[in-house]
Amino acid sequence: MLACSVQAANKQHTFMVGDKTFLLDGKPFVVKAAEVHYPRIPQAYWEHRIKMCKALGMNTLCLYVFWNIHEQQEGKFDFTGNNDVATFCRLAQKNGMYVIVRPGPYVCAEWEMGGLPWWLLKKKDIRLREQDPYFMERVKIFEQKVGEQLAPLTIQNGGPIIMIQVENEYGSYGEDKDYVSEIRDCLRSIYGEQTTLFQCDWASNFTKNGLDDLVWTMNFGTGANIDQQFAKLKQLRPNSPLMCSEFWSGWFDKWGARHETRPAEAMVQGIDEMLSKEISFSLYMTHGGTSFGHWAGANSPGFAPDVTSYDYDAPINEYGQPTEKYYLLRKTLEKYTDKKLPAVPKAPMPLIAVPEVKLSRALTLEQMIDRKVDSQNPQTFEDMNLGWGMAIYTTTLPQIADKSVLTISEPHDFVQVFVDETKIGTIDRVKHETSLMIPAVRKGQTLRLVVEAMGRINFGRAIKDYKGITKSVTLQTEQDGHELLYTLKDWKIGLIPDDYAHLAKQMAVGHEDLYTAFTNNSSKAGVYIGSFILKKVGDTFINLERWGKGQVYVNGHALGRFWSIGPQQSLYCPGCWLKKGKNEIVVFDVVGPKETTIRGQAQPELDKLQMEKSNKHNNPGNCPDLNSDTPALLGTASSGNGWQTFRFATPQKGRLICIQINGNQDGKLQTAIAELYALDAQGKRLSREPWVAHYADSENLNGNHTLDKVFDLQESTYWQTERNAEFPHLMVIDLGSEQTITAVEYLPRAEEGAPGSIKDFKIFLK
């Protein structure tokens, strides 16, 4: 446990809402908060990261409390070691920093299931983030346990905690003031009537669930039109203090897309503007850190798993070093303090390289099986009481003389298909795949489905994200002119948890020479083990470019997931987890490496894609012929920020929404669209879960401005054409099935002047 002798001071203080300002001990106070997440930072580095935030010019730390890391099994709570949130808060106070706590129960944060525990899904009919009796029962137990740690540390009790958040961006999930009110009442009962409670949302939806007795704050990102973001709040509450509770410094990365960055100058300009207007803020993220182990989540619609690094292009990078953004921001924040900022602290560890070592395969996947389940039908991980890891589903096949189509109904998430020992192919949820062709098979041959789960979806309604084979497996073929459909039954399922304790147990039992076994098959999937010798310790980055897909463990610490497709090709290994002399490294590769060597480099590799094809959506075969079609709407958009609705004269049916843009408001060629919705026959928004980016004539890959950004539930991201691409621009969205559409809702970019916003357009339904 980290030593920290600081206790809450005896002197009580106050923090409350005043006239257009927050009041700290009765005096106006502008919150300058740095968002940091204690589970994403090794505990030994906590104080260094806090000091980095202090030296930047921040006066507050803002943090989420992740329910699922504290209660990994129902009823078993852990607030020790890296989960010791109270010690983190005391360290903040020791270093003269206040704290804002965001205890959920839902947090998003690109974290597994948005912070909700997977075991909630064992109750099939549970309604997450609603007044479901079981959900609310468990929420209140969790919040009470957190309160036991943190309620003594509120500012009224002499501690550093000045504000508590109620839920998180609920307007992006639904409209349910009764539910939000119950969460508020729960937190109020724990933290007392004097504690300032607030809720955060977007400017476009904050009134949906805004409660009269809570502070309302806005979330928006670098480059946003700040006056426009607060305009409605100022209209409704002219005397309220203004705060951007998440000012996004960068963005998160997903597997198979370029590393995300945001301009330093635009970030600093936004903070300078807010401070000049005495607007409080929390910079999300000031230091992102790392989603170690299996804690990285996945975005939605569709399934877009997040990488391990949570660098976020933040001012303090993943491994705690100051960046260009850091120094530019520090210079700006110096203008808004009457005290000299502390010196920027030195890193606690140097950056080191680790010589290349070769690993040997110690265990096959089958040897990693912890327990087995027999079932007539496939079961999900949750059905089988498995939170994270993988499962091997096997059954025997019927005689099929010709090729057939194997279909897995909702495979979650990455499936390798084998007949006996022959690999047939993969079915990847990221690519919306559900089927592949199987060659002719003999009766009694074995079908083996190796299913790896990635992070559960952390945003939107899809957070109810089961893992494994979630429905059925079928084989479809033709015989004598008839179509035959086999629904496969009688499954034997082997379960493989991904925690190091399980790996160590399996490695220790029945395998005498772990370092030389299976060397003849060293390129196959399995567990690989080796060691390296260090004369001095330091932070390093384990390079995995030649490996397949899986997780890495060093000295028992789970570093996180890797995947050869990138963009992340190295995993951060903190020096505080290393030691002089011999260090163990274990690679659990579910696909198999091209080479079995490992090295540690002194710099990360966060932006190197190794994909079979481009992630652009420009396949000519997907471009529809619109020349003879009559548009559902021929229109002209308005200029400026904010949502617009394009209504059709009559309802239109189709599966593809095709938008042809013939001109922009600014007269330039480069077009941008932040978000799109389609309205059904009743005028309600269609679910975008089944939507797929079908075709775009142009996409700007710098900054990941691909077509899928128009339905990623994030108003600060956008599709953008390449700078010099000529009109007309064409974008096509596949709705997943034929729908009746009455209107399309359109959101331009959030920056002032809405750069790249459309003017003249046509909408077609195909």
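**Two helix pairs and two cavities**

Let's begin with a pair of helices: H1 (residues 46-56) packs against H3 (residues 85-94) at an angle of about 45°, and their axes lie 10 Å apart. Please keep in mind as you look that this is a predicted model. Angles under 35 degrees count as roughly parallel and 65 to 115 as roughly perpendicular, with the rest between them oblique; H1 and H3 are therefore oblique to each other. The crossing of H1 over H3 is right-handed.

If you would like to find this contact on your screen, look on the H1 side for Trp 46, Glu 47 and Ile 50. Their partners in H3 are Thr 87, Phe 88, Leu 91, Ala 92 and Lys 94. Sorted by class, the contact of H1 with H3 holds five nonpolar residues, one polar residue and two charged ones.

Now move along the chain to another pair, helix H4 (residues 133-150) and helix H5 (residues 177-191). Here the axes come within 9 Å and cross at roughly 30°. H4 and H5 are therefore roughly parallel to each other. H4, too, passes its partner H5 in a right-handed crossing.

Which residues of H4 and H5 make the contact? From H4 come Phe 135, Met 136, Val 139, Lys 140, Glu 143, Gln 144, Val 146, Gly 147 and Leu 150. H5 answers with Tyr 179, Glu 182, Ile 183, Cys 186, Leu 187, Ile 190 and Tyr 191. By class, the contact of H4 with H5 has 11 nonpolar, two polar and three charged residues.

From helices we can turn to empty space. Searching the whole structure turns up seven cavities of 30 Å³ or more. The largest cavity has a volume of about 130 Å³. It is lined by 16 residues, of which Cys 108, Glu 110, Glu 169, Glu 246 and Trp 248 are the closest to its centre. Although three glutamates appear among those names, the lining of the largest cavity as a whole divides into 11 nonpolar, two polar and three charged residues.

The second largest cavity encloses about 70 Å³ of space. To trace its lining, pick out Gly 389, Met 390, Glu 452, Ala 453, Asp 498, Gly 550, Gln 551, Arg 561, Phe 588 and Val 590. Strand S17 (389-396) and strand S30 (549-554) are the elements that give two or more residues to this lining. The class split for the second largest cavity is four nonpolar, three polar and three charged residues.

Definitions and conventions: Residues numbered from 1 in each chain as written. Predicted model: local features only at pLDDT ≥ 70, side-chain atom pairs only at ≥ 80, totals over all residues. Heavy atoms only, no water. Axes fitted to C-alpha atoms, helices over the stretch in contact; angles between N-to-C directions. Helix = DSSP H or I, 4+ residues; strand = E, 2+ residues; numbered from the N terminus. Parallel < 35°, antiparallel > 145°, perpendicular 65-115°, else oblique. Left-handed = near helix turned anticlockwise from the far one by under 90°. Contact = heavy atoms within 4.5 Å. Nonpolar A, V, L, I, M, F, W, Y, C, P; charged D, E, K, R; others polar. 1 Å grid on protein atoms, 1.4 Å probe; cavity = no way out; pocket = protein on both sides within 12 Å on 5 of 7 lines; lining within 4 Å. Points joined across faces, edges and corners; volume = space filled by probe spheres on them.
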